[in-house]
Amino acid sequence: MSHQATVIGWLKDAYALETSLIPALKKHAHDLEQLPAAHSRIEQHIAETERHADLVKACLERLGDDPSLLKAGMANLSGMAKEVPMALAADTIVKNALSDYASEQFEIACYTSLLASAQIIGDQQLASACQEILADEQAMAQWLAEQIPMLTQHYLEQEHARSLGA
Ligand SMILES: [Fe+2]
Ligand SMILES: [Fe+2]
């Protein structure tokens, strides 16, 4: 397989990953309605994620891939972006943050690899797109890393208050 065909396959995986993350992020934003600052940061990343999908799709089209075949990538990665199965737990906002952090780190790994491949095949436009996306993913991962202690404390305080009220 040519390098270009390999990179096209990886871009399809990235497109499938971005589009699969949007519903999870929407649910997690909804779960954070009690915490407006965190809610709006997730909303911002939903918009960024939609843009990432568009950037990846534009690269695929430029490399000559048929966008109607994009769904082919879905099966490959559908398991990787799956949420940790912790639904319906009272500590949902903590579990969501852990799952989102894992997803961001996986995205960082994917775009670090795609950036390296762009440099190897000498595709400057793809390299720029990867760098732009990576900056968003790294900022989101950093924000989540900072939020996890706060969300954990928030949950434990609520749990403590509930136990006193019981
Ligand atoms: Fe993304
Ligand atoms: Fe992301």
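Reader: Is Glu137 buried or exposed, and what is its relative accessible area?

Author: This is a predicted model, and the accessibility is computed from it. Buried means under 20% relative accessible area. Glu137 falls in that class, so the answer is buried, with a relative accessible area of 0%.

Reader: Which protein donors does the iron ion (ligand 1) have?

Author: The donors lie 2.1 to 2.3 Å from the iron ion (ligand 1). Their spacing along the chain is E-x33-H-x54-E-x29-E. The list has two entries for Glu18, both as OE. In full, the donors are Glu18 (OE), Glu18 (OE), His52 (ND1), Glu107 (OE) and Glu137 (OE).

Reader: How many residues apart in sequence are the parts that His52 and Glu137 tie together?

Author: His52 and Glu137 are both donors of the iron ion (ligand 1). His52 belongs to helix α2 (residues 36-62) and Glu137 to helix α5 (residues 124-165), so the pair ties together parts of the chain whose separation in sequence is 85 residues.

Reader: What is the relative accessible area of His52?

Author: His52 contributes its ND1 atom to the iron ion (ligand 1). The cut-off for a buried residue is under 20%. His52 is buried, and its relative accessible area is 0%.

Reader: Which atoms coordinate the iron ion (ligand 2)?

Author: The donor residues of the iron ion (ligand 2) follow the spacing H-x58-E-x2-E-x29-E in sequence. Their donor atoms are found at 2.0 to 2.5 Å. They are His45 (NE2), Glu104 (OE), Glu104 (OE), Glu107 (OE) and Glu137 (OE).

Reader: Which residue bridges the iron ion (ligand 1) and the iron ion (ligand 2)?

Author: The two ions lie 3.5 Å apart. One residue coordinates both of them. That bridging residue is Glu107.

Reader: Where do Glu104 and Glu107 lie?

Author: Both Glu104 and Glu107 are buried. They are three residues apart, about one turn of the helix. The element that holds them both is helix α4.

Reader: How many helices are there in the protein?

Author: From the N terminus on, the elements run α-α-α-α-α. The count of strands is zero. Helices number five.

Reader: What is the relation between the directions of α4 and α5, roughly parallel or roughly antiparallel?

Author: The axes of α4 and α5 come within 8 Å and cross at roughly 160 degrees. Angles over 145 degrees count as roughly antiparallel. In handedness, α4 passes α5 in a left-handed crossing. The two helices are therefore roughly antiparallel.

Reader: How many nonpolar residues does the contact of α4 with α5 have?

Author: The contact between α4 and α5 can be divided by residue class. It has six polar and four charged residues. The nonpolar residues number 22.

Reader: What is the relation between α2 and α4, roughly parallel or roughly antiparallel?

Author: The axes of α2 and α4 come within 14 Å and cross at roughly 30 degrees. Angles under 35 degrees count as roughly parallel. The passage of α2 over α4 is a left-handed crossing. The pair is therefore roughly parallel.

Reader: How many salt bridges does a search of the whole structure find?

Author: Side chains of opposite charge can pair when their charged atoms come close. One of the pairs joins Asp31 and Lys27 at 2.6 Å, N to O. Another is formed by Arg41 and Glu48, whose closest N and O atoms are 4.0 Å apart. The search finds five.

Reader: Why are Asp31 and Lys27 separated by about one helical turn?

Author: Both residues are partly exposed, Asp31 with a relative accessible area of 25% and Lys27 with 41%. They share helix α1 (residues 3-31). The separation is about one helical turn because they are four residues apart in that helix.

Reader: Which parts of the chain hold Asp123 and Arg62?

Author: The side chains of Asp123 and Arg62 meet in a salt bridge of 3.1 Å, N to O. The pair ties together parts that are 61 residues apart in sequence, because Asp123 lies in the loop between α4 (92-121) and α5, and Arg62 in helix α2.

Reader: Is Asp123 buried or exposed?

Author: Its partner Arg62 is partly exposed, with a relative accessible area of 36%. Asp123 has 10% relative accessibility, so Asp123 counts as buried.

Note on methods
Residues are numbered from 1 along each chain as its sequence is written. Chains are lettered from A and ligands numbered from 1 in the order in which they are written. This is a predicted model: local features need pLDDT of at least 70, side-chain atom pairs count only at pLDDT 80 or more; totals for chains, interfaces and linings use all residues. Side-chain values use heavy atoms; hydrogens and water are left out. Donors are N, O and S atoms within 2.8 Å of the metal (3.2 Å for Na, K and Ca); water is not among the atoms, so sites may look incomplete. Buried means under 20% relative accessible area, exposed over 50%, partly exposed in between (1.4 Å probe, protein chains only). Axes are lines fitted to C-alpha atoms, for helices over the stretch in contact, and angles run from 0 to 180 degrees between N-to-C directions. Angles under 35 degrees count as roughly parallel, over 145 as roughly antiparallel, 65 to 115 as roughly perpendicular and the rest as oblique. A crossing is left-handed if the near helix is turned anticlockwise from the far one by less than a right angle, and right-handed if clockwise. Ala, Val, Leu, Ile, Met, Phe, Trp, Tyr, Cys and Pro count as nonpolar, Asp, Glu, Lys and Arg as charged, and the others, Gly among them, as polar.
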